[in-house]
Amino acid sequence: RPTRAAMKRWQRLASVAVAVLAVWAAVVAGVTPVQVPPHAQITVQALPLYAIVVLGAYALAKLGWGVATFNDCKDASDELAEEVKEVRRELKAKGIRL
């Protein structure tokens, strides 16, 4: 039993997201001492969109890597094929055609 209250993963993520979003909103609204040059204002405003695109690309890359490195389980495949044959024999014995 933990003696201190532990934050769950989603709570930590939400906390960081709210903090980053608050800083971004303050910079966009111009209420911070940081002044964004006019030519960079459009980039700062589009940062959330950039973040979504980058996270999406990361997710697709992670998925692609998982598919590319997925291990074949020859033993499990053979076992499953044998079970399918056995079930077909049992169903055929009961008069059920597939």
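**Note on a predicted four-helix chain**

1. Glu83 is partly exposed, since its relative accessible area is 41%, and this residue belongs to helix H4, which covers residues 74-93. The model in which Glu83 is placed is a predicted one, and the values below should be taken as computed from that prediction.

2. Glu83 also gives a useful sense of distance when it is paired with Val36: the two residues are separated by 47 residues in sequence, and their C-alpha atoms lie 66 Å apart in space. For the whole protein chain, the C-alpha trace spans about 80 × 45 × 25 Å along its principal axes.

3. The protein chain contains four helices and zero strands, and these elements follow one another along the sequence in the pattern α-α-α-α. Besides helix H4 (residues 74-93), they include helix H1 (9-29) and helix H2 (38-45), as well as helix H3, which takes in residues 47-68.

4. On overall form, the radius of gyration of the protein chain is 27 Å, whereas a compact globule of 98 residues would have a value near 13 Å. As to burial, 5% of the 98 residues count as buried, and the accessible surface of the chain comes to about 9,200 Å², with 67% of that area belonging to carbon and sulfur atoms.

5. Thr32 deserves a separate comment, as a residue placed in the loop between helix H1 (9-29) and helix H2 (38-45). Is Thr32 buried or exposed? Thr32 counts as buried because its relative accessibility is 19%, and the cut-off for that class is under 20%. When its neighbours within four places in sequence are left aside, Thr32 is in contact with Ala26 and Val27, and the loop position of Thr32 should be kept in mind when looking at these contacts.

6. With regard to charge, the protein chain carries 13 positive and 8 negative charges, and the mean positions of the two sets are 14 Å apart.

7. Finally, on confidence, the protein chain has an average pLDDT of 89, and 95% of the residues score at least 70. The chain's confidence is highest in helix H3 (residues 47-68), at 94, and lowest in H2, where the mean is 89. As a general caution, predicted coordinates should not be read in detail where pLDDT is low.

Notes:
Residues are numbered from 1 along each chain as its sequence is written. This is a predicted model: local features need pLDDT of at least 70, side-chain atom pairs count only at pLDDT 80 or more; totals for chains, interfaces and linings use all residues. Side-chain values use heavy atoms; hydrogens and water are left out. Helices (H or I, at least four residues) and strands (E, at least two) are DSSP runs, numbered from the N terminus. The radius of gyration is taken over C-alpha atoms; the globule rule is 2.2 Å times the number of residues to the power 0.38. Buried means under 20% relative accessible area, exposed over 50%, partly exposed in between (1.4 Å probe, protein chains only). Accessible areas come from the Shrake-Rupley method with a 1.4 Å probe; for residues, only the protein chains shown count as cover. Lys and Arg count as positive and Asp and Glu as negative; His and the chain ends are not counted. The place of a charge is taken as NZ of Lys, CZ of Arg, CG of Asp or CD of Glu. Contact means heavy atoms within 4.5 Å. pLDDT is the predictor's confidence in each residue, from 0 to 100.
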